[in-house]
Amino acid sequence: MYILSNILYIAAAYKWGDWKNWKQYYPTILFFIIGDFLYNFLLYEKSMWLFHDIVLPNHTLITIFTMVLSYTATVLIYVGRRPEGRGKRSLWFLLWVGIYLLVEYVNSIFGFITYHNGWNFWWSAMFTLMIFFILPVHHKRPLLAWLISILFIVTLLSIFDVKLSELK
């Protein structure tokens, strides 16, 4: 399933991604990837969600595959083609949140993602809202995006009672 969704993201990026200006988006792509790497590293012993697939053998490979392909495609299209005007930007934001949540919902129905330690689809929805809020912020004001992200992550760690002693 994850191979198929990554292929679809890459096909979409090929068609709609702003490849001419990819260097402008490279820091935001890395920001997106680093966030996921940090989650996987820091919460190795207390995962909030795990990916499963019928082709890829484990969560780690699925995550790396997704980081490199889907996140790159997402930034090249979402940030690269972000429209002007508050109304159009709001619809663009909702479209991308909807795409990500639809993919996650389908994956959860078929067991390709499982939730753990109090996390659920609704927490993922909130997290997805934050992702699509923070990506354009990072593109324009990276330090502000890092500050907001750190505050958001510390809040989530507190809500889910993740202790420093539980980190790897």
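The lining of the largest pocket leans nonpolar: by class, 31 of its residues are nonpolar, 9 are polar and 2 are charged. Keep in mind that this is a predicted model.

That pocket has a volume of about 1000 Å³. Its lining takes in 42 residues, and the ones nearest the centre are Asp36, Trp49, Tyr71, Phe127 and Ile131. Where does the largest share of the lining come from? Helix H6 supplies it, with 8 residues. The elements below each give at least two residues to the lining.

| Element | Residue range |
|---|---|
| Helix H1 | 2–16 |
| Helix H2 | 22–42 |
| Strand E1 | 49–51 |
| Helix H3 | 59–79 |
| Helix H4 | 86–109 |
| Helix H5 | 121–140 |
| Helix H6 | 142–159 |

Now for the fold around the pocket. The protein has 6 helices and 2 strands, and along the sequence they come in the order α-α-β-α-α-β-α-α.

What about overall shape? The C-alpha trace spans about 45 × 35 × 25 Å along its principal axes. The radius of gyration is 16 Å, which agrees with a compact globule, because a globule of 168 residues would come out near 15 Å.

As for packing, 42% of the 168 residues count as buried. If you take the contacts with a separation of 6 or more, 76% of them are between residues 24 or more positions apart. On the outside, the protein exposes about 10000 Å², and carbon and sulfur atoms supply 71% of that area.

Notes
Residues are numbered from 1 along each chain as its sequence is written. This is a predicted model: local features need pLDDT of at least 70, side-chain atom pairs count only at pLDDT 80 or more; totals for chains, interfaces and linings use all residues. Side-chain values use heavy atoms; hydrogens and water are left out. On a 1 Å grid over the protein atoms alone, a cavity is a set of points where a 1.4 Å probe fits but cannot get out, and a pocket is an open set with protein on both sides within 12 Å along at least five of seven lines; lining residues have an atom within 4 Å of a point. Grid points are joined across faces, edges and corners, and a volume is the space filled by probe spheres set on the points. Helices (H or I, at least four residues) and strands (E, at least two) are DSSP runs, numbered from the N terminus. Ala, Val, Leu, Ile, Met, Phe, Trp, Tyr, Cys and Pro count as nonpolar, Asp, Glu, Lys and Arg as charged, and the others, Gly among them, as polar. The radius of gyration is taken over C-alpha atoms; the globule rule is 2.2 Å times the number of residues to the power 0.38. Buried means under 20% relative accessible area, exposed over 50%, partly exposed in between (1.4 Å probe, protein chains only). Contact means heavy atoms within 4.5 Å. Accessible areas come from the Shrake-Rupley method with a 1.4 Å probe; for residues, only the protein chains shown count as cover.
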